Structure formats: structure tokens, C-alpha cells
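User: I have a model on the bench screen and would like to understand the reasons behind the labels attached to it. Could you take me through them one at a time?

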Amino acid sequence: DARSGAKVLVKITKWPEGNKKPEGIITEILGYKGDVGLDINCIMANHKIPFAFSKEVIEASEKIDTIVHEDPKRWDLRDLQMVTIDGEDAKDLDDAVSGRKLPNGNYELGVHIADVSHYVTSGQPIDNEAYKRGTSVYLVDRVVPMLPERLSNGICSLNPRLNRLTQSCVMEISPEGRVVNYQISQSIIKTTERMTYDAVNQMIAGDKDTLEKYAKIVDSVKIMVEIHHILEAMRKQRGAIDFDTVEAKIIVNEKGLPIEIRKRSRGIAERMIESFMLEANETVATHFEAHGLPFIYRIHEQPKADRLQRFIYFAATFGMQIEGTSNGIDQKVLQAFMKKIKGQPGEMVLSTMLLRSMQQARYSENNEGHFGLAAENYTHFTSPIRRYPDLLVHRLIREIGAGKIPANLLQKWEEKIPEIAEHSSHRERRAVDAEREVEKMKKAEFMEEHVDEEFEGIIASVTRFGMFIELENTIEGLVHISTLKGDYFTYHERMLALIGERT
């Protein structure tokens with residue numbers, strides 16, 4: 001029943017021959033001209049991102065028991081003071097954190113993650129759909145979730161002061177930032193408070209009203225900030241590279257039109273949660289590696305030689321010498337380089353070029369380490385509501401993480417993990433591509449209102465067909481070579497420069 005003016009998906013039944021046009025069947029109506037969100041629907045359709053859950057999946061989610069039952073086998077951590085810290089608008093709270101100082105001078109850091117694997121059984125409709133999706137996709141005005149809302153915003157969300165089933169990784173950390181002891185176990189928790197990044201940042205800054213409002217958690221937040229600084233210093237010392245990339249937050253109105261674009265801030269609270277998640281991910285990966293068990297790792301390989309060589313040449317044009325060769329470079333060298341360029345005029349372009357010379361992180365059954373984090377063992381364990389590999393890691397902890405394991409179970413996972421790793425990497429790429437495309441489109445829509453206005457910007461990159469300029473609000477635009485009048489410009493690839501023959 002599609003009418004004129006509809007945007008539709010068509011399955012081709014007859015390809016064009018001679019002067020005949022192709023024929024096909026309309027399989028889905030994406031919307032009509034002027035519909036809110038139609039532009040994003042089209043990008044989703046192009047990337048084959050699903051619009052809704054099937055009836056079978058919704059029915060399966062409705063059958064899930066949403067009462068948390070007592071289980072003597074679970075580690076009961078309900079007396080432990082812990083909080084969730086998320087963005088203002090987050091609905092799926094999948095991680096809670098706790099911290100305390102131990103009598104021996106060490107610290108205890110607890111990372112407690114929603115036990116999605118308790119509710120989502122392998123091979124059942126919800127699991128099959130989650131595997132197919134691979135990840136949640138975040139598209140400016142909407143989230144395309146990996147799991148149905150009844151799970152992601154309901155029983156799996158660690159809402160305050162409610163009993164929730166979790167998998168906990170509790171680590172004893174020395175003042176030097178080493179994990180000297182840990183326990184990974186199924187647990188039951190009850191969070192003390194649902195905090196936002198803004199509120200925690202205000203507490204850290206000493207805001208009197210916020211400190212009064214959350215008086216009962218002030219001490220544990222202070223201790224967690226101490227733990228964060230210890231972990232950050234440890235990672236820096238071993239050579240982790242912090243690119244500190246700037247992300248844009250696009251605000252749209254009820255018609256889906258962008259009305260504001262601002263940089264996402266990363267205060268101490270944001271960095272602290274990131275720090276704790278990194279530590280839990282490493283600890284879980286180290287456990288499986290140490291026991292020689294089949295596992296899914298998050299790997300980030302050494303940069304490729306040709307890309308690194310290009311970067312070394314480029315840095316030299318800024319008068320920057322980089323120790324090491326394109327065949328092997330130490331993270332500490334790159335870390336020192338990042339420190340050296342901080343606040344310099346070329347900082348943005350040099351850090352962008354270094355980032356581009358890196359390989360993409362991916363999932364693998366083989367442990368190749370994580371170059372960017374300078375970590376020997378790394379995985380994704382902390383977001384099972386929105387990433388399939390994390391859900392798999394929870395399953396592996398449950399099935400083979402402890403005790404005597406039957407050989408047939410080990411073999412089953414050894415055979416299954418490579419396929420899951422490859423599929424999850426593809427799905428992650430699909431999500432990133434769709435997210436970038438939507439972001440670019442919304443940025444272009446935003447700038448439509450500013451045609452003929454003048455802005456100051458930075459040359460972010462140069463190509464043989466022109467140069468890309470980045471504005472303060474992260475928006476990039478191309479100045480095409482054909483608009484550079486009064487000279488003939490030659491492209492110098494090594495220097496990433498367009499040089500005029502006369503001027």
C-alpha cells in the first residue's frame with residue numbers, strides 16, 4: 001500500500017535488460033517525505049540494521065521471570081556500598097562500582113556487571129537475535145538495542161536500591177596499581193545510588209550542595225578517585241597511549257533537526273569509570289589466559305610498517321624526530337611524542353595522523369595483546385547489555401571459568417569462539433559506519449543554517465583534491481582544490497601538502 005512520495009525497500013525480481021527497467025517487490029515502507037527520522041531510517045536500511053524485534057523475540061522476552069530469587073550459590077554483596085555512574089539520559093545501567101581501603105594499605109575495587117547470561121540462554125530466540133545484531137547502535141536520536149527493552153532497561157538494568165543479579169570482578173590493588181588478588185563470581189547486589197557523571201564531577205570539585213545531597217557515599221567516591229589515579233599512573237608508566245579524541249554531542253529537536261553541536265566532556269568521573277572497566281576487562285582476560293582456557297580477546301595489533309613509516313616522515317616535516325623504526329616502535333616512544341606535542345599548533349593534526357596509522361581493534365580467539373593500552377591480556381566483559389562478546393565472556397565465566405571442566409565443553413568453545421569473534425568484529429564495524437554516516441549528515445544539516453557565514457578553523461588533513469578544515473565544534477568541510485585560485489598546486493604525499501608552483 002505504498003503511495004507516491006514514499007521511500008521504500010525493494011527486492012529486485014527482474015534485472016534491467018536492453019531498454020527495460022528493473023522490476024521488484026516493495027518489502028518495506030521506510031516512511032514518507034517529511035516524516036521525522038526518515039533520513040536515519042534510510043541509513044539504517046542501507047547498513048541492514050534492523051528496525052524492530054520480531055514477534056518471537058518480544059514474546060520470549062515477555063516470558064522472562066523479572067523477580068530476583070534468592071540463590072545461596074551467589075556471592076551476596078548487598079551490604080557493600082556501591083553506585084552506578086552514567087550519563088544523565090542512560091536507561092540501561094549495566095555496571096556498578098565499589099571501592100574501599102583495606103587494613104593492609106591496599107585497595108579493593110569492585111566492578112559489578114549485569115548478569116545478562118542468566119536471563120539470555122544460548123541458542124534461544126533472544127540470544128540468536130542478539131548474536132545477529134552483535135551490538136547496540138547509537139544514532140543521534142535513537143538507540144537500536146541489542147536486547148529487547150524489557151531486559152535492557154528492566155531486569156538487567158542495575159536500578160538503585162533493587163536486588164539485581166550480577167557478575168562481579170573484585171580486585172585487590174596495591175598502591176602501585178598491581179592486581180595482587182581477585183575474585184570473579186556470580187553475585188547479587190543492591191546499588192546504593194544512581195549517580196550521573198555531572199553529579200560525581202561536582203562532588204570531586206567540592207560542590208557543597210552535591211556533597212550534602214550524597215553525604216553517605218562521599219567517602220567511597222573519594223577512595224574510588226584515589227584508585228582511579230593509581231590505575232591511570234600505572235597504565236601511563238607501562239606505555240598506554242591516550243589519544244583523548246574529542247567526540248561531538250548532537251542535540252536534535254522534536255522534528256529530528258540538529259539545533260546544537262557541542263563537544264562531549266570527559267571529566268574525572270568519566271575517566272574513572274573508563275579506568276575501572278579497563279581494569280576489570282584486563283583481570284578477566286588474565287584469568288582465562290593464565291588457565292589456558294578458550295576465550296575471546298579484544299586485540300589491538302602493532303601498527304602496520306607502511307602506515308607507521310608515513311607517519312614518521314610526516315612528523316619529520318614538523319621537525320619532530322621519532323625514535324624507532326617502522327617495523328617496531330615502543331608505546332613509550334609514542335606516549336612521549338603525544339606529551340611533546342600537547343598544546344603545540346600541530347597537536348590536532350599530528351595526533352589524528354598517529355591515530356590513523358594505528359590498526360583497528362578487533363575480537364579474536366588468539367591473544368595478541370592490546371598495543372594502545374600496552375596490555376598483555378584484554379577482553380570486553382563490562383557491557384553485556386549492548387555488546388555480544390561481553391555476553392559471551394559472561395557465559396564462559398559461568399561454564400568454564402572455574403573448577404574441573406569436561407573436555408567436550410572446552411572443545412565446543414574452541415570451535416565456536418573464532419566464528420563469534422569474526423562476526424562480532426564485522427557487526428561492530430557496521431555500527432561504527434552507520435553512526436558516522438548519521439553524524440556527518442546531521443552536521444551537514446546543522447551547517448545549512450550557516451551558509452555564507454565566516455568561521456575560523458584548522459586544516460585537519462590535506463589530499464590531492466583539496467583540504468579538510470575542522471571547526472571548533474568538530475565539524476569538517478572540504479575546500480576543493482578547484483577553488484584555490486591564482487596558482488597551480490602540486491600534492492606532496494610525504495608532507496601531506498599542497499604546494500603552489502609560483503606562490
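Analyst: What follows is a set of questions about labels in this predicted model, each answered from the computed values.

User: Why is Phe371 called buried, and where is Phe371 placed?

Analyst: Phe371 has a relative accessibility of 6%, and because buried means under 20% relative accessible area, Phe371 counts as buried. Its place is in the loop between strand 15 (362-364) and helix 13 (388-400).

User: Which residues does Phe371 touch, beyond those up to four places away in sequence?

Analyst: Phe371 touches Ile241, His300, Glu301, Gln302, Pro303, Ile329, Gln331, Leu334 and Met358. Phe371 also lies 7.8 Å from Ala240, C-alpha to C-alpha, although the two are 131 residues apart in sequence.

User: What makes the phi of Ala374 worth pointing out?

Analyst: Most residues other than glycine have a negative phi. Ala374, however, has a phi near 55°, which is a positive value in a residue other than glycine. Ala374 sits in the loop between strand 15 and helix 13, and because its relative accessible area of 17% falls under the 20% cut-off, Ala374 is buried. Leu496 likewise has a positive phi, near 50°, and its place is in the loop between strand 19 (489-492) and strand 20 (497-500).

User: Is Lys443 buried or exposed, and how do you know?

Analyst: The relative accessible area of Lys443 is 11%, and since buried means under 20%, Lys443 is buried. Lys443 belongs to helix 14 and, leaving aside its neighbours within four places in sequence, is in contact with Ala248, Ile250, Ile261, Thr474 and Ile475.

User: Why is helix 1 called roughly antiparallel to helix 14?

Analyst: Helix 1 (residues 38-46) and helix 14 (residues 407-447) pack at an angle of about 150°, with their axes 10 Å apart. Because angles over 145 degrees count as roughly antiparallel, helix 1 is roughly antiparallel to helix 14. The crossing in which helix 1 passes helix 14 is right-handed.

User: Which residues meet where helix 1 packs against helix 14, and how do they divide by type?

Analyst: On the side of helix 1, Asp39, Ile40 and Ile43 take part, and they meet Ala434, Glu437, Val438, Met441, Lys442 and Glu445 in helix 14. The residues of this contact divide into five nonpolar, no polar and four charged.

User: What makes helix 4 oblique to helix 13?

Analyst: Helix 4 (residues 125-133) packs with helix 13 at an angle of about 135°, and their axes are 9 Å apart. Because that angle is neither over 145 degrees, nor under 35, nor from 65 to 115, helix 4 is oblique to helix 13. Asp127, Ala130 and Tyr131 of helix 4 make the contact with Tyr388, Leu391 and Arg395 of helix 13, and the residues involved divide into four nonpolar, no polar and two charged.

User: How do you know that strand 4 pairs with strand 11, and which way do the side chains of strand 4 point?

Analyst: Four bridges join strand 4 to strand 11 (residues 193-196), and because at least two bridges are needed for a pair, the two strands count as paired; they run parallel. The bridge partner of Ile85 in strand 11 is Met195. Within strand 4 (residues 83-86), Val83 and Ile85 point one way while Thr84 and Asp86 point the other way, and all are buried.

How values were computed
Residues are numbered from 1 along each chain as its sequence is written. This is a predicted model: local features need pLDDT of at least 70, side-chain atom pairs count only at pLDDT 80 or more; totals for chains, interfaces and linings use all residues. Side-chain values use heavy atoms; hydrogens and water are left out. Buried means under 20% relative accessible area, exposed over 50%, partly exposed in between (1.4 Å probe, protein chains only). Axes are lines fitted to C-alpha atoms, for helices over the stretch in contact, and angles run from 0 to 180 degrees between N-to-C directions. A crossing is left-handed if the near helix is turned anticlockwise from the far one by less than a right angle, and right-handed if clockwise. Contact means heavy atoms within 4.5 Å. Ala, Val, Leu, Ile, Met, Phe, Trp, Tyr, Cys and Pro count as nonpolar, Asp, Glu, Lys and Arg as charged, and the others, Gly among them, as polar.
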